[in-house]
Amino acid sequence: MLKSGENSDIFPTSAMALLPILRYPDARLHKVARPVAAVDERVRTLVRDMIETMYGAQGIGLAATQVDVHERVVVIDVSEERNAPLVLINPELLWASAERVMGEEGCLSVPGIYDGVERAAQVRVRALDEHGQAREIEADGLLAVCIQHEMDHLLGKVFVEYLSPLKRGRIKTKLQKAERQDKAERVREPV
Ligand code: NI
């Protein structure tokens, strides 16, 4: 786990907060996010908290939907050093390659589950950064996959929805059981 002090310099670490992450099959993961109206201090605070939460959970991407904020905000960091956060506000897909790749995906909202999903190999997106500046990003490899995975969250879609109904059913049962166990533990040992 990374400490909060290891984040990028452009994101001050004071007054950051770890946000609770919704877990599949929570119905709130299927809400469709609305566009951010203005990139102001409120949105920058959300972005900082999301980056902190992503690093704290050792994730490489997090969508606002996953922290129960239904606005089009995504944070990503696929760097080895975990010091290059990418902020995508109101991301739009401009282009996706016809070439597809199959990769193994996991999700902070679906803990412990990894499975193969087919995605476009390359994408180009337009988004605002945390200062409200528009920019275009061309991505391939892991970044392209991550962008598509996170943009799906904003549409209320979790990666397990690409899997067969049988697999999805098993995942749902497993996670619901884990959730019940968690709750029972909390009741026995209040902290
Ligand atoms: Ni995810």
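**Note on helix α2, the nickel site and two strand residues**

1. Helix α2 covers residues 141-154, and at 1.5 Å a residue its 14 residues should span 20 Å; the C-alpha atoms at its ends are 21 Å apart, which agrees. This is a predicted model, and the values below should be read as such.

2. Helix α2 is mostly covered, with 11 of its 14 residues buried. The buried residues are A144, V145, C146, I147, Q148, H149, E150, M151, D152, H153 and L154. Polar and charged side chains are therefore on that list, including Q148, E150 and D152, because burial is assigned under 20% relative accessible area whatever the residue type. Just after α2, G156 has a positive phi of about 80 degrees.

3. Which residues coordinate the nickel ion? The donors are C107 through SG, H149 through NE2 and H153 through NE2, at 2.1 to 2.2 Å. Their spacing in sequence is C-x41-H-x3-H. C107 belongs to strand β4 and H153 to helix α2, so this pair ties together parts that lie 46 residues apart in sequence. C107 and H153 are both buried. H149 is also among the buried residues of α2.

4. E105 is found in strand β4, which runs over residues 100-107. Is E105 buried or exposed? Its relative accessibility is 4%, so E105 counts as buried, the limit being under 20%. The side chain of E105 makes a polar contact of 2.8 Å with the side chain of R119.

5. Setting aside neighbours within four places in sequence, the contacts of E105 are I113, Y114, D115, V117, R119, V145, H149 and F159. Two entries in this list connect to the points above: H149 is a donor to the nickel ion, and R119 is the partner in the polar contact. V145, another contact of E105, is one of the buried residues of α2.

6. L128 is in strand β6, residues 122-128. Its relative accessible area is 23%, so L128 is classed as partly exposed, which means between the 20% limit for buried and the 50% limit for exposed. Not counting residues up to four places away in sequence, L128 touches V39, V87, L88, I89, N90, Q133 and A134.

7. One C-alpha distance can be checked directly in the model: L128 and T65, which are 63 residues apart along the chain, have C-alpha atoms separated by 17 Å. T65 is not among the listed contacts of L128.

Conventions: Residues numbered from 1 in each chain as written. Predicted model: local features only at pLDDT ≥ 70, side-chain atom pairs only at ≥ 80, totals over all residues. Heavy atoms only, no water. Helix = DSSP H or I, 4+ residues; strand = E, 2+ residues; numbered from the N terminus. Expected span 1.5 Å × (residues − 1). Buried < 20%, exposed > 50% of the residue type's maximum accessible area, 1.4 Å probe, protein only. Polar contact = N/O pair within 3.5 Å; in protein donor to acceptor, adjacent residues only side chain to side chain. Contact = heavy atoms within 4.5 Å. Donors = N, O, S within 2.8 Å, 3.2 Å for Na, K, Ca; no water.
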